[in-house]
Amino acid sequence: MNLHKSVLQKGTIAIALLFLVACASTKKESRIIADFNPDWNFKLGDYPTAIQANFDANDWRTLDLPHDWSIEGAFNKDNPTKQAQAFLPAGKGWYRKTFTLPEDWKNKNVSIEFDGVFKNSEVFINGHSLGMRPNGYISFAYELSQYLNFGTQKNIIAVKVDNDAQPNSRWYTGSGIYRNVRLVASEKLHVAKWGTYVTTRGITKDKAIVDIDVDVKNGLGTNKLFKLVSTILDKNNVEVAKAISDGNIPANSILQVKQNTKIENPILWDTENPYLYKIVTKVYDGSTVVDTYETPLGVRYFNFDAEKGFSLNGKPTKILGVCLHHDNGALGAVENIHAVKRKLKILKEMGTNAIRMSHNPHSLEMMKLCDEMGFIVQDEFTDVWKKKKVTNDYHKDWDAWHKQDLEDFIKRDRNHPSVMMWSIGNEIREQFDSTGIAITRELAQIVKSLDTTRPVTSALTENVIEKNFIYQSGALDLLGFNYKHEDYKDFPTKFKGQKILASESVSALETRGHYDMPTDSIRMWPTKHNAPFDGNADLTVTAYDNIASYWGTTHEENWKTIKKQDFMAGTFIWTGFDYLGEPDPYPYPARSSYFGIVDLAGLPKDVYYMYQSEWSDKDVLHLLPHWNWKQGQMIDVWSYYNNADEVELLLNGKSLGSKAKKGEELHIAWKVPFEAGTLKAISRKEGKIVKETEIHTAGEAVKIDLKSDKTSIKNDGYDLVYVTVSLQDKDGNLLPKADNLINFKVSGGAKIVGVDNGYQASLEPFKADYRKLYNGKCVVILQSNKKAENITLEATTAGNISLGTVSIKVE
Ligand code: GAL
């Protein structure tokens, strides 16, 4: 088959369809935003001649973006990415796509938008280089108009991606066009890229003033009179305010128009009710609408206070945050809104109200969902300035690119109501030398020139004033400190009058479902500390929260400190989820981190429930460990609970007494000689039962249980469903140490795009139709394959164990 031809046809149809839909409503009214992800050709290696129209790409693979070639590769300890990047391959690769455009696009302004390409991308259209972009996390766009062909004549877009120079990161980056790509067509008179800047002020119960700055672009060779109408719509699309302006814009230029209007009785955005308005800005040429541009709007105000910490809409609010890296576990760096939504849902359920975008700009989907789901965001620019952390990291591009990258980052994200802090860097080396002063001031000034409504912060490690030059610059509005929680108590005197946040804390280590006893002491890694953690032969770390890196502490110790310090705006835990790379404390084959509250597959570790008991209103009563041990073995039973005065523990119906947390304690514990059967906890408030939880000794494995996180998905090629697989006895009890190999078969409207079990040292591929269970569980990720057929997933394993099935509807 001629791949080339089929791509050309598919591409043509996709664009033409979108065009028709857009035209069907009102001619010219809207810009056309076409999904440009489908049907690319890809090949690993370097192919400079692929920019030419007659290049033969017959042996290239056909795929849909977003795509990450690293996650498809095999783990190898000799890969130059090393353990920081999960021992996965990097290298160079090329993408190429053939497409045609309707004849009447000739007079339009056509651009291509990339949300992120890792890294050193260079984009070519019909043989012309549009530019290159070293930073793999920055969103960027190119105007294509002058190089395009229309009608039946084809266009070739080629993208070179060079992720060869390694090591270039302290965590997994992925390789390729790993975020979404769009083609955008508008009239020559239109709202410029990231062309609105919306802020609110004077917020009371009765009103909110909304300032709307709009950059209007005129790509025509003559000046233009125009009208600009910005309408604010509420959640139900009902108009609540409007601003109208007239202007005259010279040929080939951008004009900024300042509008303002007022919303009466505004509904405020907060983390529990993230109410969003929408601003629809229309550009008129005479009486014709030539462009429509939407900007999200959340009306909220917030304050950082040196004594009282953070408040949102006047309400004291502790920032209960987690740091996240950008990977989506088994999907690698591939961005998919459904993967992000699942992640944020799991964190929301835990009581998290804030996300720190470690340590780089995250995707548009992530930003949008934080607005919609109610998270306070610390948006972070970078992990390095001029001084390197690893040989080939961003320091190499700093001089040439930091200004543009920082500006683009702020412009892209400044309309998100969720964003409440700009971090100009994480643990930057320049904090230790005097060059840090000038750079901090320069970066803060760049940020302020584009947004003055959020504080500029930086995640610092050094709290000795004389040694910290970023602090000495005086340019930070908010001091972020990473770790050293025992020093916080001195901060109000040491940093008098300063606003302070624990920008990164904890770095404790855990493996889901693995338990080492006794649990009487906190141990630190590496071994140079008093009660060392030397590691386990199977590269596990106990899931009791009692092992931490020496620069951090346990989850409980950190939260005990933050909880009682009102001046501290809040904390961002390192990390919400395990991520690929940085598998401290272990060497190969360990390849993903141990720091997550939730494992890489998205299965919560036990400490998740400590946070839930403290950070959410839900009734929590969680018991650990599991209940399959040796007769008589002394077991440390822990319980996280809330909303109750005490918890009674019963073993096979016999009470082992009641306990309550004393003082600052965040869990209660018993030592119980093991006896098979049922361990039950009952929490009571004023004598009344609040909650009961039981764990049972599992018998013989008889069945595989499959639970999907959705009952139906869309037939759109993107939607995902996550299926949790567990091995159970006849009564539905989890076999807590099972490691059976499970084989999957999927039929209907989905394909398997990832498998994982959360074990940090597994070398099984993430792209497979099989996976071993780890501590009884694994997860399969299915993605719509665009077929309108209901999905069935079957899971089988060796032995006398009945298969598991689950059905998912396709809409
Ligand atoms: C911090 C750093 C993070 C991560 C973490 C691991 O110092 O900011 O990126 O490396 O340590 O504990």
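Let me begin with one side chain, that of asparagine 126, which has a polar atom lying 2.8 Å from the backbone oxygen of tyrosine 147. A polar atom of the asparagine 126 side chain also lies 2.7 Å from the backbone nitrogen of isoleucine 156. Please keep in mind throughout that what we are looking at is a predicted model.

Asparagine 126 sits in the loop between strand E6 and strand E7, the latter covering residues 128-133. If we leave aside its neighbours within four places in sequence, asparagine 126 is in contact with Ile51, Tyr147, Leu148, Asn149, Lys154, Asn155 and Ile156, so that list includes the two backbone partners I have just mentioned. Valine 334, by contrast, is 208 residues from asparagine 126 in sequence, and the C-alpha atoms of the two are 27 Å apart.

Staying with this part of the chain for a moment, the loop between strand E5 (109-114) and strand E6 (121-125) holds lysine 119, and the peptide bond that joins phenylalanine 118 to lysine 119 is cis, with an omega of about -15°. A second cis peptide bond joins tryptophan 574 and threonine 575, with an omega of about -5°, and threonine 575 belongs to the loop between strand E30 (568-574) and helix H9. As general background, most peptide bonds are trans, and most residues other than glycine have a negative phi. On that second point, lysine 484 is not a glycine and yet has a positive phi of about 55°; its place is in the loop between strand E26 (478-482) and helix H7 (491-494).

Tryptophan 574 brings us to the ligand, because tryptophan 574 is one of the residues that surround it, within the 4 Å cut-off. Which other residues surround the ligand? They are Arg170, His359, Asn426, Glu427, Asn482, Tyr483, Glu504, Ser507, Trp551, Glu582 and Phe595, and the shell as a whole divides into four nonpolar, four polar and four charged residues. Among the polar approaches, an N or O atom in the side chain of serine 507 is 2.5 Å from an oxygen atom of the ligand, while for the side chain of arginine 170 the corresponding distance to a ligand oxygen is 2.8 Å. Tryptophan 551 also takes part, with a polar side-chain atom 2.8 Å from an oxygen atom of the ligand. How much of the ligand's accessible area does the protein cover? On its own the ligand has 310 Å² of accessible area, and the protein covers 94% of it.

Let me turn, lastly, to the helices. Helix H2, residues 337-350, packs with helix H9, residues 607-615, at an angle of about 55°, and their axes are 7 Å apart. That angle makes H2 oblique to H9. On the H2 side the contact is made by Ile346, Glu349 and Met350, and on the H9 side by Tyr608, Tyr611, Gln612 and Trp615; by class, these residues divide into five nonpolar, one polar and one charged.

Helix H2 also contains histidine 338. Where along the chain are its contacts, once residues up to four places away in sequence are not counted? Histidine 338 touches Lys710, Tyr718, Asp719 and Leu720, and although histidine 338 and aspartate 719 are 381 residues apart along the chain, their C-alpha atoms are separated by 6.3 Å.

Note on methods. Residues numbered from 1 in each chain as written. Predicted model: local features only at pLDDT ≥ 70, side-chain atom pairs only at ≥ 80, totals over all residues. Heavy atoms only, no water. Polar contact = N/O pair within 3.5 Å; in protein donor to acceptor, adjacent residues only side chain to side chain. Areas by Shrake-Rupley, 256 points an atom, 1.4 Å probe, with all protein chains shown as cover. Nonpolar A, V, L, I, M, F, W, Y, C, P; charged D, E, K, R; others polar. Axes fitted to C-alpha atoms, helices over the stretch in contact; angles between N-to-C directions. Helix = DSSP H or I, 4+ residues; strand = E, 2+ residues; numbered from the N terminus. Parallel < 35°, antiparallel > 145°, perpendicular 65-115°, else oblique. Contact = heavy atoms within 4.5 Å.
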